[in-house]
Amino acid sequence: MSLLDTRVPAVVLRIDRNPFHHGTLGAVRSLGRAGVDVHVVADCTGSPVARSRFVRRLHAPPPPDASADEILAVLRRVAAQVGRPAVLVPMDDATAIATGRLREELTGSYLLPVMPSALPERVADKAGLAVVCAAVGVPHPRTEVPDTPAQAAEDALRLGLPVVAKWSRPWLLPAGSGLRSTQVLHTAREARELHARTAEAGSPLLLQTYLPPGTDRDWFFHGYADRTGTVRAGGPGSKHLSWPRGAGLTAVGRWTPNSEVIALAERITGELGYRGIFDLDFRRCGATGRYHLLDFNPRPGAQFRLFTDSAGLDVVRALHADLTGRDLPDGDPVTGRAFVVENYAPLAALRPAPGGRELAWWAGDDRAPGLAMWALWARHVSGRLRRRLGAAAEVPAQRPAPRANTPSLTTDNEKASS
């Protein structure tokens, strides 16, 4: 018997417009290699994902700011085109939250985990997560939710600068606003000015105690909670390089044993009654050694293919197998295995990998996306460079101030070289 029931197709859903979302390609390849027909509902215009030979069909997605009703309408249209019930795989927070709330309306067309409809939104909301962690006893950075810009400045000083600023519901941030989901603030004035943009951001601003990064401090856990609540597949990973450095996505990660991270993941999902795929981010405090939960993403993390065990099971395959009534095999962890995103860490992609390695874009059995990524990335980088040079050229040159009759400040070395 094959690992997955190939009679049941899968629909991979994403409304985020990021063309470099390698997690979507990972889901397509994982299911497609197992023989599942994979339909992609995402904006793949110019994206390497569209080039994958494992894509059965591309479907137009809802707009980035789509309401639940708009998402439902698109999913019903796709269901009619697919023609049979399919496993639904949301790939971003907005779609995970929407499909959780729409579960009853989607029943009959899609297979989804059974859990409280508001739970994905509760854990994805940064303010809600702070409350959840306090309730279940999982360490979390001290968090304040200021009501006014003045209160934000006071809270920043009380927490101790620098502080981490997060928008409670980052999936609501409008495109082109320049607002970032997370950033580090170094002054009380920055906190005051950022809070003043709350209405524009669409959700409250949070301020959190800053936990400095460092060696062996950034960790993540990807898992799948099956219909009984047991955490299957996935595992703990250490982040060796992020992009941007210090606070971004995982550019280089490694499957690394960590019993404390596993225990925290099982505790929070068990207490909540969570079902389905999840992605947790932790940072270890250098002073106390405790692992603090920073984010709970109710969907696959972009590097989920790192955790492919000896039986070939990952969290996306676990979802498909569990929802179609298949038994999940008990594979062994492949600790030491690495995951590298080539466009963010090209040198790491070229180094030897004794423990095995998964590349985000390149694959010998699916070469077109990797080739397309480098062409697209070159255009992306050159475009940014041109914009920066253009902006620099628009700044008028400063005319030097008239020299006063003062003694020369030229050094002896500069005199010798002139």
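**View 1. V11 of strand β1 stands opposite H39 of strand β2.** The model is predicted: local features need pLDDT of at least 70, side-chain atom pairs count only at pLDDT 80 or more, and totals for chains, interfaces and linings use all residues. Residues are numbered from 1 along each chain as its sequence is written, and side-chain values use heavy atoms, leaving out hydrogens and water. Strand β1 covers residues 10–13 and runs parallel to β2, with 4 bridges between them. Two strands count as paired if DSSP finds at least two bridges between them. Strands (E, at least two residues) and helices (H or I, at least four) are DSSP runs, numbered from the N terminus. Between β1 and β2 the chain passes through helix α1 (residues 22–33), in a right-handed β-α-β crossover. Right-handed means that, with the strands pointing away from the viewer, the path from the first strand over the helix to the second runs clockwise.

**View 2. Strand β2 points its side chains two ways.** V38 and V40 point one way from β2 (residues 38–41), while H39 and V41 point the other way. All of these residues are buried. Buried means under 20% relative accessible area, exposed means over 50%, and partly exposed lies in between (1.4 Å probe, protein chains only). In a regular strand the side chains alternate between the two faces of the sheet. Strand β2 also runs parallel to β3 (residues 55–59), joined by 4 bridges. Here V38 stands opposite V55.

**View 3. L31 and Y224 touch the most other members of the largest nonpolar core.** This core holds 52 residues. A nonpolar core is a set of buried Ala, Val, Leu, Ile, Met, Phe, Trp, Tyr and Cys residues joined through side-chain atoms within 4.5 Å. Helix α11 (residues 315–323) supplies the largest share, 6 residues. Contact means heavy atoms within 4.5 Å. Beyond its neighbours within four places in sequence, L31 is in contact with L4, A10, V36, V38, V89, V316 and H320. Another core lies apart, with 23 residues, among them L264, F278, F282 and L293.

**View 4. G32 sits in helix α1.** Its relative accessible area is 13%, so G32 is buried. Leaving aside neighbours within four places in sequence, G32 is in contact with V38 and F54. G32 and S52 are 20 residues apart along the chain, and their C-alpha atoms are separated by 9.7 Å.

**View 5. H21 lies in the loop between β1 and α1.** H21 counts as buried because its relative accessibility is 14%. Its contacts, leaving aside neighbours within four places in sequence, are R14, D16, V49, M91 and W361.

**View 6. Four strands form an open sheet in the order β6-β9-β7-β8.** The pairing is antiparallel. Strands β6 (143–144) and β8 (182–185) stand at the edges with a single partner strand each, so one side of each has no neighbour in the sheet. Strand β6 joins β9 (residues 205–209) through 2 bridges. In this pair, T143 has Q208 as its bridge partner. Helix α7 (residues 149–159) packs on the sheet, touching β6, β7 (163–167) and β9. The direction of α7 makes about 15° with that of β9. For such angles, axes are lines fitted to C-alpha atoms, for helices over the stretch in contact, and values run from 0 to 180 degrees between N-to-C directions.

**View 7. Helix α8 has its buried residues on the same side.** In α8 (residues 188–195), the buried residues are A188, A191, L194 and H195. They cover an arc of only 130° around the axis, which puts them on the same side of α8. The arc is taken from the directions from the helix axis to the C-beta atoms. These buried residues pack against α7, β7, β8, α9 (198–201) and β9.

**View 8. Two prolines follow cis peptide bonds.** One cis bond joins L161 and P162, with omega about -5°. P162 is in the loop between α7 and β7. Another cis bond joins W243 and P244, with omega about -5°. P244 is in the loop between β11 (231–243) and β12 (249–255).

**View 9. D216 and A233 have a positive phi.** Most residues other than glycine have a negative phi. D216 has a phi of about 65° and lies in the loop between β9 and β10 (218–225). With a relative accessible area of 43%, D216 is partly exposed. A233, in strand β11, has a phi of about 55°.
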